[in-house]
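Colleague: Please pick one part of this model and take me through it closely. Then work outward from there, with the reasoning behind each step.

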Amino acid sequence: MRNAFLSGHFFTFALIGLLGLSTPSAAQTALETRLPVLSDATSSAISLQSEYRLGRNWARILRGQAPLMHDALVYHYLEELLWDLVPHSQLQDRRLELIVLDNPTFNAFAVPGGIVGVHGGLVVAAESEDELASVLAHELAHLSQRHFAQRLEEERRNRPVMLAGVLASILIGAMDTQGGAAALSSTLAASAQAQLAFSRRNEEEADRIGMQTLTASGRDPQAMPDMFSRLQRNYRFYGQRPPEFLLTHPVTESRIADSLNRVSSLQRPSPRPYSPDFDLIRTRLQVHFSSQPGEILQRFLADSRSSQAGRHDYGVMLAAMRTGDLALAETHYRKLPDNWRQHLYTEITYVEWLLAAGRKAEAAEASQRLLALYPGSLPVQKLQARVMRESQNYTQATAQYRAILQNYPNDTDAWYELAETEGLLGNILAVHEARIEYFLLTGNFDQALRQLEFAKRERGLTASDQERLERREKEAQEIRRQMREDF
C-alpha cells in the first residue's frame with residue numbers, strides 16, 4: 001500500500017492548527033515560534049520566494065495525506081486547460097504545479113507558491129468546459145493578486161495568526177471524501193471564518209480578474225455566474241454539510257449579481273467549435289466515482305440512444321469494463337461516432353480495454369503507434385510504460401518511467417511504479433533511489449533517510465554512486481529542516 005508508511009503526524013498537526021484558530025493554546029504558542037517570519041519592518045507581506053517554498057513544502061504534506069488522482073488522462077486534460085488560461089491571466093510567477101485529488105467532492109484551491117489543486121468531483125459538477133475553466137481562472141486570480149499574502153499581513157496587524165491553521169482547512173477538505181471535513185469546517189466557521197475564507201473583497205476581485213482571463217482566452221465569462229448560481233441553488237441540498245468550495249468561496253446573491261453585471265460590460269466571444277474533450281473526461285470521472293458500476297452502466301445503456309450518443313456509448317464502454325463485460329464494452333466502442341472513436345482519449349481507453357482482454361501484443365502495437373504520434377504526451381507515455389510492464393518488458397518500462405520523470409519530477413505515481421519495476425529487474429540501488437524520491441515528495445523524511453542508509457550499504461557502489469547518495473542525503477536533511485521551520 002502506497003500510504004501504509006504514513007504515521008498521521010501531519011494530519012494531527014494540521015487538525016490541531018485548525019482547531020487552534022479560535023483560542024491560542026500553549027501548543028499553538030510553541031508552534032508559532034517555529035513559523036517562518038512572514039513580514040518585517042521592510043516588507044509588508046511574505047516574499048514571492050518564501051511563498052514558493054512554503055507552497056512546495058505544503059504540497060509534500062498534501063501528497064502524503066490526500067488521495068491523489070493517478071489517471072493520467074484526467075491530469076493531462078486539466079493541465080492543458082489550466083495552461084490554456086495562464087497566458088491570459090495576470091500571473092507573473094508561472095512556476096505552477098497542478099495537483100489533482102481523487103476526491104468526488106467539488107472543490108478547487110490555490111496555495112502560495114503556485115500550487116493549484118482540483119478535486120475530481122469539480123469536473124463532474126461542471127456542466128461545460130467553460131464552467132470548469134471559470135473556477136480555474138478564479139483560482140489563478142487569487143494567485144496573481146497574492147491574496148494569501150494579503151491575508152497573512154492583515155492577520156499580522158490584527159492578531160497573531162497560526163499559519164498551519166490557514167492551510168489546514170484546505171488539507172482536511174482535500175483528505176476527506178465523504179463530506180465530514182465540510183461538517184467540521186462548518187462547525188468551526190463561527191470562530192474561524194476569517195481564516196477559512198478569503199475576504200469578500202478578495203473574492204470579488206478574483207471573480208472580476210477571472211472573468212477577464214476567461215474572455216481573453218476566448219471563453220464565455222457568463223460561465224462563472226452560471227457555475228456559482230447553480231452552486232448556490234443546490235446549497236439547500238447539502239444542509240449542514242455544504243461542499244468545501246462554498247465554505248472557502250462563499251457565494252451570495254450580491255456576488256452573483258455583481259458577476260452578471262460584469263458580463264454585460266465584457267465582449268462575449270464567439271462559441272468555440274465543439275470538442276469532446278470535456279465530455280470524455282467528465283464521463284470517465286462519473287464512472288470512476290460511481291460506487292455502483294452496474295447501476296451507472298444501466299443508466300448509460302438507457303441513454304445511449306439519445307442525441308448525446310457519443311458520451312453515453314463511451315460511458316457504457318467504461319462502465320462495462322468496470323463490471324467485466326468486455327464484449328459489451330467493445331460493442332459500444334464500435335458504436336462511437338468517428339470524432340469520438342478517433343480521439344486520443346478514446347484510443348487510450350481502447351488500449352486499456354486490450355490489456356483487460358489479455359491482448360497484450362495488440363496493446364503493445366497500439367501504444368507504440370500512439371507514442372510515435374504523441375511522443376511527449378503524459379498519458380501516452382504512462383500507457384506505454386504500463387503496457388511494457390504488463391508485457392514483462394521491464395527494461396523499456398523503466399526507460400519510459402524515467403522519460404516521464406524528466407518532465408514531471410513530482411509525479412509520485414511514476415516514482416512508485418519505477419521503484420516497483422526496477423525491483424522486478426533486480427536493480428536494488430535504483431529501487432532505493434526511486435523510493436527516496438517518492439518519500440521526499442510525500443513528506444516522509446524518516447523513510448527517505450532510511451532508504452538512503454540502505455542504499456549506502458549496497459555492495460559494489462562506485463565513487464560516483466557514493467557521492468550522489470551523500471549529496472541527496474544532505475538535500476533531504478535540508479528539506480526536512482525547512483519543513484520544520486515552515487510548519
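Modeller: Start with helix α15, residues 293–303. This is a predicted model. Four residues of α15 are listed as buried: Pro 293, Ile 296, Leu 297 and Phe 300. Do they sit on the same side of α15, or around the axis? They cover an arc of only 105°, so they lie on the same side of the helix.

Now try the same reading on α22, which runs from residue 394 to 407. Check its length before its faces. It has 14 residues, and at 1.5 Å a residue these should span 20 Å. The C-alpha atoms at its ends are 21 Å apart, which agrees with that expectation. Next, burial. Tyr 394, Ala 397, Thr 398, Gln 400, Tyr 401, Ile 404 and Leu 405 are the buried residues of α22. Viewed down the axis, they fall within an arc of 160°, so they line one face of α22. The other side of α22 carries Thr 395, Gln 406 and Asn 407, which are exposed.

What does the buried set of α22 pack against? Its partners are α20 (360–373), α21 (378–390) and α23 (412–425). Two of these partners, α21 and α23, also share a charged pair. Asp 413 and Lys 382 meet through their side chains in a salt bridge, 3.1 Å from N to O. Asp 413 belongs to α23 and Lys 382 to α21, so the pair ties together parts that are 31 residues apart in sequence. Are the two residues buried or exposed? Asp 413 has a relative accessible area of 9%, so it is buried. Lys 382 is at 13%, so it is buried as well. The cut-off for buried is under 20%.

Some background on such pairs. Opposite charges on side chains can pair when the charged atoms come close. The search of the whole structure turns up 28 salt bridges. Two of them sit within single helices. The first is in α10 (residues 200–216), where Glu 205 and Arg 208 are three residues apart. That spacing separates them by about one helical turn. Their closest N and O atoms are 3.7 Å apart. Arg 208 is at 34% relative accessibility, so it counts as partly exposed.

The second is in α17 (residues 326–335). Glu 330 and Arg 334 are four residues apart there, again about one helical turn. Their salt bridge spans 3.3 Å, N to O. Both ends are partly exposed: Glu 330 has 23% relative accessibility, and Arg 334 has a relative accessible area of 47%.

Salt bridges also join into a network. Asp 84, Glu 129, Asp 130, Arg 219 and Arg 272 are linked this way.

Move on to α25, residues 445–456, which holds Gln 451. Gln 451 has a relative accessible area of 7%, so it is buried. Which residues does Gln 451 touch, leaving out those up to four places away in sequence? They are His 432, Arg 435, Ile 436 and Phe 439. His 432 also makes a polar contact with Gln 451, side chain to side chain, at 2.8 Å.

Just before α25 comes the loop that joins it to α24 (428–441), and Asn 444 is placed in that loop. Asn 444 is at 12% relative accessibility, so it counts as buried despite its loop position. A polar atom of its side chain lies 3.1 Å from the backbone nitrogen of Gln 447. Asn 444 also has a partner distant in sequence. Its C-alpha atom is 7.5 Å from that of Gly 64, although 380 residues separate the two along the chain.

That leads to the chain as a whole. Count residue contacts at least 6 apart in sequence, and 70% of them join residues at least 24 apart. The chain has 26 helices and three strands. Of its 487 residues, 55% are buried. The accessible surface comes to about 21400 Å², and carbon and sulfur atoms account for 49% of that surface.

Technical notes
Residues are numbered from 1 along each chain as its sequence is written. This is a predicted model: local features need pLDDT of at least 70, side-chain atom pairs count only at pLDDT 80 or more; totals for chains, interfaces and linings use all residues. Side-chain values use heavy atoms; hydrogens and water are left out. Helices (H or I, at least four residues) and strands (E, at least two) are DSSP runs, numbered from the N terminus. The expected span of a helix is 1.5 Å times one less than its number of residues. Buried means under 20% relative accessible area, exposed over 50%, partly exposed in between (1.4 Å probe, protein chains only). The arc is that of the directions from the helix axis to the C-beta atoms. Contact means heavy atoms within 4.5 Å. Accessible areas come from the Shrake-Rupley method with a 1.4 Å probe; for residues, only the protein chains shown count as cover. A polar contact is a pair of N or O atoms within 3.5 Å; within protein, one must be able to donate a hydrogen and the other to accept it, and residues adjacent in sequence count only if both atoms are side-chain atoms. A salt bridge is a side-chain nitrogen of Lys or Arg within 4 Å of a carboxyl oxygen of Asp or Glu.
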